[in-house]
Amino acid sequence: MRAVVCTKYGSPDVLELKEVMKPLPKDNEIQIKVYATTVATGDCRIRSFKSPPLLWLAMRIVLGFTKPRNPILGVELAGEVEAVGKNVKRFKKGDQVYALSGMRCGAHAEYICLSEDAVIALKPNNATYEEAAVIPFGGTTALHFFRKGNIQVGMKVLIYGASGSVGTAAVQLAKYYGAEVTGVCSGRNVDLVQSLGADHVIDYTKEDFIGSADRYDIIFDAIGKIKKSHCIKVLAPNGKFLTVDGLGIAKVSADDLIFLKELMEKGKVKAVIDRRYSLEQVPEAHRYVETGRKRGNVVVHVHPTHKEIQ
């Protein structure tokens, strides 16, 4: 099968399209034919190995010393079950699924094998494969933090970085939970964030949100670029500051994907896709994501000739 392999740490040039062995499912695994995946900021961080000096050794031990231990990157995908192990009960051949592979990566390939107990669910009925593929990481991350913040109806929630993968999911989920949502983004993304349901949008290039007269019950930094000390003035008494910086691995489960599937089918959450690339263009996708100008998500078509079922 074809896969994009990270041959060593470095620039996007270290990514090479290669022929590799097609994985075969173990007794408790399913083999998925990948129709769509994404290039996320996490993929770029692993490839370039950008780590704070104090975490350098620990991260090398976790990820690999000279190159990623899992050289095929990609953490989210949508596709069709091609084969199942003899002990698998949750899925069958032909099921249309979407999944989060997490730190094991592996989604930038034509096929992947995952345990049936991994973060996998049937994809939303009203979503194409590419629309389904962009939901798992941003959606489950936003869910993790809102549960941590105990989001409630009527809360005032500010989302910093509201136009990114996590941010666009967070805006929609906060509205679903009944919050009054303020999104912070650049001027070029104001219309996008408003279209997702934000009640107020602050263009950070023109205004610093700490000058707001409002006090927020939750401030969620969805891109890991601000500190709690910067936000104290606008945090309500007992307000919570949440950030993806230093996240590690969010606590997520297949039930989260089932929940997100239901929300998509009810029209409460929609996919936000910026650009689309082919598997051959993954290095180019990495370059674009690294500009920091990504709006929502960047999709990779793995089997572009497949006619998606709506």
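Start by selecting R287 and D13, whose side chains form a salt bridge with the closest N and O atoms 2.4 Å apart. A salt bridge here is a side-chain nitrogen of Lys or Arg within 4 Å of a carboxyl oxygen of Asp or Glu. The model is predicted: local features need pLDDT of at least 70 and side-chain atom pairs count only at pLDDT 80 or more, while totals for chains, interfaces and linings use all residues. Residues are numbered from 1 along each chain as its sequence is written, and side-chain values use heavy atoms, with hydrogens and water left out.

Now colour the elements around this pair. R287 belongs to helix α9 (residues 282–289) and D13 to the loop between β1 (2–6) and β2 (15–19), so the salt bridge ties together parts 274 residues apart in sequence. Helices (H or I, at least four residues) and strands (E, at least two) are DSSP runs, numbered from the N terminus. With a surface shown, R287 is partly exposed at 41% relative accessibility, and D13 is exposed at 55%. The classes are buried (under 20% relative accessible area), exposed (over 50%) and partly exposed in between, with a 1.4 Å probe and protein chains only.

Next, select K175 and D199. Their side chains meet in a salt bridge of 3.0 Å, N to O. K175 lies in helix α5 and D199 in the loop between α6 (190–195) and β10 (200–203), so this pair ties together parts 24 residues apart in sequence. K175 is partly exposed, with a relative accessible area of 29%, and D199 is partly exposed at 38%.

Go on to E265 and K261, a salt bridge of 2.7 Å, N to O. Both are in helix α8 (residues 254–265), 4 residues apart, or about one helical turn. E265 is partly exposed at 33%, whereas K261 is buried at 14%.

To finish with the charged pairs, select R2, E110 and E280, which are linked in a network of salt bridges. The count for the model comes to 12 salt bridges.

Switch to a cartoon view for the sheet. Select β10, β9, β8, β11 and β12: in that order, these 5 strands form an open sheet with parallel pairing. The edge strands are β10 and β12 (235–243), each pairing on one side only. From one strand to the next, the twist averages 15°; axes are lines fitted to C-alpha atoms, for helices over the stretch in contact, and angles run from 0 to 180 degrees between N-to-C directions. Strands of a sheet pair through backbone hydrogen bonds.

Within this sheet, select β8 (residues 156–160) and β11 (residues 216–221), which run parallel and are joined by 4 bridges. Two strands count as paired if DSSP finds at least two bridges between them. Y160 stands opposite D221 in β11.

The last stop is inside the protein. A search of the whole structure finds 1 cavity of 30 Å³ or more, and its volume is about 70 Å³. On a 1 Å grid over the protein atoms alone, a cavity is a set of points where a 1.4 Å probe fits but cannot get out, and lining residues have an atom within 4 Å of a point. Grid points are joined across faces, edges and corners, and the volume is the space filled by probe spheres set on the points.

Select the lining: V134, I135, G138, G139, S165, T168, A169, Q172, V269, K270, V272 and N297. Helices α4 (136–148) and α5 (165–176) each supply at least two of these residues, with α5 giving the most, 4 residues. By class, the lining has 5 nonpolar, 6 polar and 1 charged residues. Ala, Val, Leu, Ile, Met, Phe, Trp, Tyr, Cys and Pro count as nonpolar, Asp, Glu, Lys and Arg as charged, and the others, Gly among them, as polar.

Terms used. On a 1 Å grid over the protein atoms alone, a cavity is a set of points where a 1.4 Å probe fits but cannot get out, and a pocket is an open set with protein on both sides within 12 Å along at least five of seven lines; lining residues have an atom within 4 Å of a point.
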